[in-house]
Amino acid sequence: MAIGEAGPGSTRRGSQPERLEETMRARLGRECVYVPSCRFGLYVALRHWCPPGGRVLMSPVNDDVIFFVVLAAGLRPVQAPLNPLDASIDMDAVPEETWRSVSAVLTTNLYGNPDPAPRLRQKCDALGIPLFEDGAHAIGSTVGGRPVGAWGEASVFSLSKHVGAKAGGMLSLADPGLREAVAKTCAGLLTPNRIGSELAYAVRPYAEATVRGLRLRRAAWAAIRLLGLADREEIRMPLRPDELARAADRAPGLEAHHPWVRVDMHDYRQESGRLRLRRIGRRLDRLDDVLDACRAGTELLLSTPWAKPRDTHGTQPLFRVPLFVADRDAAIAALARQGVVVGYLYDPPLDDYAGADFTDPSPAPEGARWFARHALPVDPLRARTVAEVLERSGARPVEAPGEPPRGGPTAGGPGQSLV
């Protein structure tokens, strides 16, 4: 490992992590290392392949936590132009001088819609730079005849999304010979498991079920905010530019950027205990059933007037299906009244959020801005309810940039039934 950040720690793996790794190894056809979170795995990958000061081409419509992981690794984020229909990297709109300046590419595969990994792989090979795949939303998606995550030097997955375990991640490697070094680095960066954290993890599903059953979502969130436990009030966390600039002087390293990287997952680098690992294993065993249900829900939602046509081969089992409505706030409110919570919004794009002090802005930001402003990411497992609510509310589709007007009735119009 070029950067030598590994500290003390054992690389010995217990039987449960090994079983999780073997399950993902069978899915991807490549070596896997269990990590406590996707963001932690990405940090390890970036530190392994990219010397400090490098530049990483990435999507501006992405979780801000990932942006701060790139900064923590001592790297400069470079925002890419995007396809406005699915927020994938628009390779043809990336200037050649930008390609020549970057030292790595990071995909997002937003909501499970794949980035153009085969073309990116070819481009990265020509430039002699690594490709990293963030598969947090795309554990069941495929591109170019391979699973998402089977194209890059390294890829990372979240076991909190489709798997639903609320913990855990996986770092996969194209070169199995690197496994021991990467596992050692991971072990050196972990913090010890805490019994209080494990107990909180154990009771969380029951607490959430109680909140759902008693319809106490608003009261629960109010209590969290009152106790100071909410990490963000808006879609994006507070940037705190003065603090962030001071943290940059201490990069690479997780400690200085911990206040940003920990948001929404305070135990992102904590060693996983037995209870956590067992629950992740049980959830992972049921993943195929979840993916089948997500694929069916995705098909239903893509047939609605609020979906955009895509040139894809088969339906992906999306984690969230981006629909496009003229008044997103009204649609979110209508869904909330029926108990459907809309999350995973990434607005504004990262270059508008962070500014040129911390990132290179996209040379063509319009596609990302349109997607971030209009996309309504909905859970395909709630597809029928979502379609019914949007139809009843009279939600109007919005046209994409350059899209010809659609004929026929609008959503909720006479003679049209979505369900």
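So, how much of this chain is buried? Of its 419 residues, 52% count as buried. Keep in mind that we're looking at a predicted model. The secondary structure comes to 16 helices and eleven strands. And the contacts reach across the sequence: take the ones between residues at least 6 apart, and 73% of them join residues at least 24 apart.

Okay, let's go to the sheet. Seven strands make an open sheet, and the order across it is β1-β9-β8-β5-β4-β2-β3, with mixed pairing. Who sits at the edges? That's β1, residues 31–35, and β3, residues 76–79, and each of them pairs on one side only. From one strand to the next, the twist averages 20°.

What packs on this sheet? Helix α1, residues 15–28, does, and it touches β1, β8 and β9. The direction of α1 makes about 140° with that of β1.

In case strands are new to you, a quick reminder: the strands of a sheet pair through backbone hydrogen bonds, and they can do that parallel or antiparallel. You can find both kinds here. Over by the β3 edge, β2 (residues 55–58) and β3 run parallel, joined by four bridges. If you want a spot to look at, find M58, which stands opposite Q79 in β3.

Now put your finger on β8, residues 154–158. On one side, β8 pairs with β5 (residues 131–134) in the parallel sense, over three bridges. There, the bridge partner of E133 is S155 in β8. With β9, on the other hand, β8 pairs in the antiparallel sense, over five bridges. In that pairing V156 stands opposite L171 in β9.

So is β8 covered or open? It's mostly covered, with five of its five residues buried. Here's a general thing to remember: in a regular strand, side chains alternate between the two faces of the sheet. Look at β8 with that in mind: A154, V156 and S158 point one way, S155 and F157 point the other way, and all are buried.

Right, helices next. I've picked two pairs. The first is α2, residues 38–49, with α6, residues 179–189; they pack at an angle of about 120°, and their axes are 10 Å apart. That angle is why we call α2 and α6 oblique to each other. The crossing of these two is right-handed. Which residues meet? From α2 you have F40, Y43, V44 and H48, and from α6 you have V182, T185, C186 and L189. Sort that contact by class and you get six nonpolar residues, two polar and no charged ones.

The second pair is α3, residues 64–72, with α10, residues 254–261. Their axes come within 9 Å and cross at roughly 175°. Anything over 145 degrees counts as roughly antiparallel, so that's the label for α3 and α10. In α3, V65, F68, V69, L71 and A72 meet L254, H257, W260 and V261 in α10. That contact divides into eight nonpolar residues, one polar and no charged.

Last stop: helix α15, residues 366–374. Which of its residues are buried? G367, A368, W370, F371, A372 and H374. And what do they pack against? Two strands and a helix: β10 (321–324), β11 (375–378) and α13 (328–337).

That's my tour, so rotate the model and try finding S155 and its partner E133 for yourselves.

Note on methods
Residues are numbered from 1 along each chain as its sequence is written. This is a predicted model: local features need pLDDT of at least 70, side-chain atom pairs count only at pLDDT 80 or more; totals for chains, interfaces and linings use all residues. Side-chain values use heavy atoms; hydrogens and water are left out. Axes are lines fitted to C-alpha atoms, for helices over the stretch in contact, and angles run from 0 to 180 degrees between N-to-C directions. Angles under 35 degrees count as roughly parallel, over 145 as roughly antiparallel, 65 to 115 as roughly perpendicular and the rest as oblique. A crossing is left-handed if the near helix is turned anticlockwise from the far one by less than a right angle, and right-handed if clockwise. Contact means heavy atoms within 4.5 Å. Ala, Val, Leu, Ile, Met, Phe, Trp, Tyr, Cys and Pro count as nonpolar, Asp, Glu, Lys and Arg as charged, and the others, Gly among them, as polar. Two strands pair if DSSP finds at least two bridges between them. Buried means under 20% relative accessible area, exposed over 50%, partly exposed in between (1.4 Å probe, protein chains only).
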